[in-house]
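Student: Please take a close look at a single side chain in this structure. I should like to know what surrounds it, and how its setting compares with other parts of the chain.

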Amino acid sequence: MTSGAPGRLLPWTSPEGRPCYLVGDGTGYVARIADDIEGVQLGMADDLLGHADELLAERRVTSAELHYLARRLTESLRDVRRVAESRGARLCPREGP
């Protein structure tokens, strides 16, 4: 990793809601935990999509059920976006001007 690079965006935030980064070669304990958490987040997103398909296929869905689904989908999309940003940044290192 080049000096000045912010490091790997981790799949969690600080207690204040700020992004957390890992600086290093990506082979240590924290990197493995981050990989595991990203895997869980992606798996949960897949499960949630299946649930959404089933729920939306129902004829009788309450507004409360739709609201709950929308909240969970929003949370999941936020997690998946963070995983994509983190992995994308590791695939394409930015070059200076």
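Tutor: For what follows, two residues are in contact when heavy atoms of theirs lie within 4.5 Å of each other. The model is a predicted one, and the side chain I shall examine is that of glutamate 38, which lies in helix α1.

The framework comes before the detail. The chain has two helices and two strands, and from the N terminus on these elements follow the order β-β-α-α. Of its 97 residues, 21% count as buried. Among the contacts that join residues at least 6 apart in sequence, 49% are between residues at least 24 apart.

Which residues does glutamate 38 touch, not counting those up to four places away in sequence? They are Arg8, Leu9, Pro11, Val83, Ser86, Arg87 and Arg90. Is glutamate 38 buried or exposed? The limit for a buried residue is a relative accessible area under 20%. Glutamate 38 has a relative accessible area of 1%, so this acidic residue counts as buried.

Two salt bridges of glutamate 38 can be described in turn. In one of them, its side chain meets that of arginine 8, with a distance of 3.3 Å from N to O. Because glutamate 38 belongs to helix α1 (residues 29-57) and arginine 8 to strand β1 (residues 8-13), this pair ties together parts of the chain that are 30 residues apart in sequence. Arginine 8 is itself buried, at a relative accessible area of 5%. Both partners of this salt bridge are therefore on the buried side of the limit, glutamate 38 at 1% and arginine 8 at 5%.

In the other, glutamate 38 is paired with arginine 90, and the closest N and O atoms are 3.7 Å apart. This pair also links distant parts of the chain, since arginine 90 is in helix α2 (residues 63-91) and glutamate 38 in helix α1, 52 residues apart. Here the partner is not buried: arginine 90 is partly exposed, with a relative accessible area of 39%.

These pairs belong to a wider arrangement. A network of salt bridges links Arg8, Asp35, Glu38, Arg87 and Arg90. The structure holds seven salt bridges.

The surroundings of arginine 8 may be followed one step further. Valine 23 has its C-alpha 6.4 Å from that of arginine 8, although the two are 15 residues apart in sequence. Valine 23 sits in the loop between β2 (19-22) and α1. At 62% relative accessibility, valine 23 counts as exposed, whereas arginine 8 is buried.

A salt bridge within helix α2 offers a useful contrast. Glutamate 75 and arginine 72 meet through their side chains at 2.7 Å, N to O. They are three residues apart in helix α2, which means that about one helical turn separates them. Glutamate 75 is partly exposed at 34% relative accessibility, and arginine 72 is likewise partly exposed, at 23%. This pair thus lies within one helix, while the pair of glutamate 38 and arginine 8 joins a helix to a strand.

Another residue of helix α2 is serine 76, which is buried with a relative accessible area of 12%. Beyond its neighbours within four places in sequence, serine 76 is in contact with Ala45 and Leu48.

Helix α1 also has residues that take part in surface patches. One of them is isoleucine 33, found in helix α1 and partly exposed at 30% relative accessibility. Together with Tyr29 and Val30, Ile33 forms a nonpolar patch on the surface, with about 270 Å² of accessible area in total. Aspartate 53, also in helix α1, is exposed, with a relative accessible area of 57%. A negative surface patch is made up of Asp53, Glu54, Glu58 and Glu65. For the chain, the accessible surface comes to about 7,600 Å², and 56% of this belongs to carbon and sulfur atoms.

To return to the side chain in question: glutamate 38 is buried at 1%, forms salt bridges with arginine 8 and arginine 90, and is part of the network that also includes Asp35 and Arg87.

Technical notes:
Residues numbered from 1 in each chain as written. Predicted model: local features only at pLDDT ≥ 70, side-chain atom pairs only at ≥ 80, totals over all residues. Heavy atoms only, no water. Salt bridge = Lys/Arg side-chain N within 4 Å of Asp/Glu carboxyl O. Helix = DSSP H or I, 4+ residues; strand = E, 2+ residues; numbered from the N terminus. Buried < 20%, exposed > 50% of the residue type's maximum accessible area, 1.4 Å probe, protein only. Patch = residues over 30% accessible without salt bridge, like charges linked within 9 Å, V, L, I, M, F, W, Y side chains within 5 Å. Areas by Shrake-Rupley, 256 points an atom, 1.4 Å probe, with all protein chains shown as cover. Lys, Arg positive; Asp, Glu negative; His and termini not counted. Charge placed at Lys NZ, Arg CZ, Asp CG, Glu CD.
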